[in-house]
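Colleague: Got a minute to go through the strands in this one with me? I'd like to see who sits beside whom.

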Amino acid sequence: MRKLIKPGRITALVVMLVALLGIYVYFLYQVQIVEGTERYNSATAITKDTRVVTAARGNILDRYGRLLVSNKECYNLVIDSTKLFANDDPNAVILELIEMVRGFGDTYTDDLPITAEPPFEYTDMTEIQRTMLEAYFKDKASDFKDAGLPESPSAVELMSYMRTRYEISNEYSAEEMRMIAGLRYSINVRYAVNTGEYVFVQDASMKLISSILENKLNGIEVKRSFTRQYHTENAAHILGYVGLMTQEEYEKYSLLDYANDAMVGKDGVENAFEEYLHGVDGEAEVYSNLDGVTLRTKYTKEPQPGGHVYLTLDIGLQEVCEEALAAHIESINEERARIIAEAEMYGTESTEMISGGALCVVKVDTGEPLALVSYPTYDAATMLDNYETLVADENAPLYNRALMGVYAPGSTFKPCTATALLAEGIISPTRTLKTEGQFTKYIDDGYAPECWIYSTYKYTHGEINVVQAITYSCNYFFYYFGDELGIDKMAYYAKLYGLGEHTGIELPEVTGQMSTQSFKEQYTGISWFQGDTLQSAIGQSFTEFTPLQMAEYCAAIANGGTRHSASILKEVRSYDYSKTLFQRETEVLSKLDIDPEIFGYIQYGMYGVLYDAASTLKEHWLDSSIVAAAKTGTAQRGEGLVNNAMFILYAPYGDNPEIAIAIAVEKGGAGATLSPVARKIVDYYFTFQSSANTVENAYSLLK
């Protein structure tokens, strides 16, 4: 019988199977034993990357240790441009990312200062936006030239250029094209300004992060970071904010070993005390797999957080001051709005709305600012988000009127003139003058200024001395003796009081100026007239000072002629609060070395402003347990214009004055209207001062 399977075939099949099994075993041995470690490392995608570890920024606190600004840990979404543009259609990925961010209610970084919809126009730019745009123009100069564009193209021209450069399909709408161009510009411009990586979304929500990770969108990385957290809505003009460095800032801070993507103080305290707040960055080796998952982190250099900055501000007092000033201004504006509405209806005379104001409170014995208020204000936490709106506001809420606003002091300057008259021996404290309604010495020259009481009521102040002249704010008295004093002596004493001088505060400030012959002739080209001297004696002419200068001036009157620095830095402590890095010491900037009794007469005249039998302000103060001294000022702005309101006060009146206040309200009318605002501040300060001292003493024990 014939066999179906021959033995030779079976043998061949067995040999073949054994050979295949041998080959399989060989390669299995090679993969698992010989190349096992290498292939394991490859499979687990262990890659090492050296990264900068950003140091946490120091906190900002008030004088009693109440937290004002701190850090909040967050997660940022960062664009990896290499991976992003490795996609087949990066523009589609960009649009998908943007729509995802918007869908979750987050916001993304778009540095392109062009409107979101056509007709495209440039928006109001921040300093860094302008720097970036100019750097982009410079970087693309040759492209612009080839495309027939000017060196600084219009917004429409730039958008047309970007559609071509970034290969944005015409299938996208104008709004979608603008979104894609904005993100690609934000990436490109960072190379032009030599700054850090593009943070697509700062402080991203966990829902957004989860969605992006689930969708495995190529080109997005999640990085741990910090963002500033504000614990108060007050003191916005003082605290400032942080942001990416401009090119100019990078050139400065790179010398201090700052990372090129470091966040630095851009304004206020954040900028003034950058050296204390900014820590020292560390370094770490980060090990990741192919999916980008971090396996472990090894610190090769530990980051050192920044120091904690304590300010001289009392945030409780700051809040009360902001509320009191805002309530006063808004109340007057509501009434004026009603008058304006009636004027339009009945054709009667209209008036001006108050555009802003400022208020400063300082310690009499040290010059420390306790409150620095500017109205209108804003929320520092949302300032960058609302920047365009804030810039467009006609009342300029970003303008720090407390330090940058200059105002004619009006009659609040009369104590300075009185100081000069007494110190120079032109008058004695008891010398009297029979005042007239009109100062007629220069009437032949066509100049005969009147006292306010004569202009208003056709009365005079009668026969008065210097104390009464301050109390009644008699213009005629100061015209008469100011004419004899002369402008040079007047300016000399103003300087000793710090008027028209830097206050010593670390924040940006203007100095204003005291009226002098040289100033007028230099800036106007017009000769000095004796009438300028007379007006200067009552705080008019070209005289303009800041509210902080006026507060320090009032403090110097109260303490007997010593002007202290208005430094706002109280203390700096290390990140763990264990060491004091800086401690404020009282600094004297100038001193009026005159007979101490002179200040007693000046102070008594200011006491009379509130308590004299004829005072219209005594109703605000007679029921107060705190006795104060003050001076009102109504600074003229010109014919037909509402006067600025000025007010200075210190309390308590007597041997141990504690605080000095200066208030300025643009178009506020009579300075006397500001008395209730000052009363609210005085009531709060002395009601809560004992508890505040307890807090400060407790804080001192912790150091």
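Modeller: Sure. Two strands count as paired if DSSP finds at least two bridges between them. Bear in mind that this is a predicted model.

Colleague: Then which way do E2 and E10 run, parallel or antiparallel?

Modeller: Strand E2 covers residues 60-61, and 2 bridges join it to E10. Within that pairing, Leu61 stands opposite Tyr310. The direction of E2 and E10 is parallel.

Colleague: What is the bridge partner of Tyr310 in E16?

Modeller: E10 is joined by 4 bridges to strand E16 (residues 569-573), and these two run antiparallel. In E16, the partner of Tyr310 is Glu571.

Colleague: Which residue of E10 points the same way as Tyr310?

Modeller: In a regular strand, side chains alternate between the two faces of the sheet. Here Val309 and Leu311 point one way, and Tyr310 points the other, with all of them buried. The residue that shares the direction of Tyr310 is His308.

Colleague: On to the open sheet of 5 strands: which strands stand at the edges?

Modeller: The order is E12-E11-E21-E20-E19, with antiparallel pairing. Each edge strand has a single partner strand, so one side of it is left without a neighbour in the sheet. Those strands are E12 (369-375) and E19 (629-635).

Colleague: And what is the bridge partner of Ala645 in E21?

Modeller: Strand E20 (residues 644-651) and strand E21 (residues 659-665) run antiparallel, joined by 7 bridges. In E21, Ala645 has as its partner Val665.

Colleague: Which helix packs on the sheet?

Modeller: Look at residues 596-611, which touch E19 and E20. The helix direction makes about 75° with that of E19. That's helix H25.

Terms used: Residues numbered from 1 in each chain as written. Predicted model: local features only at pLDDT ≥ 70, side-chain atom pairs only at ≥ 80, totals over all residues. Heavy atoms only, no water. Buried < 20%, exposed > 50% of the residue type's maximum accessible area, 1.4 Å probe, protein only. Contact = heavy atoms within 4.5 Å. Axes fitted to C-alpha atoms, helices over the stretch in contact; angles between N-to-C directions.
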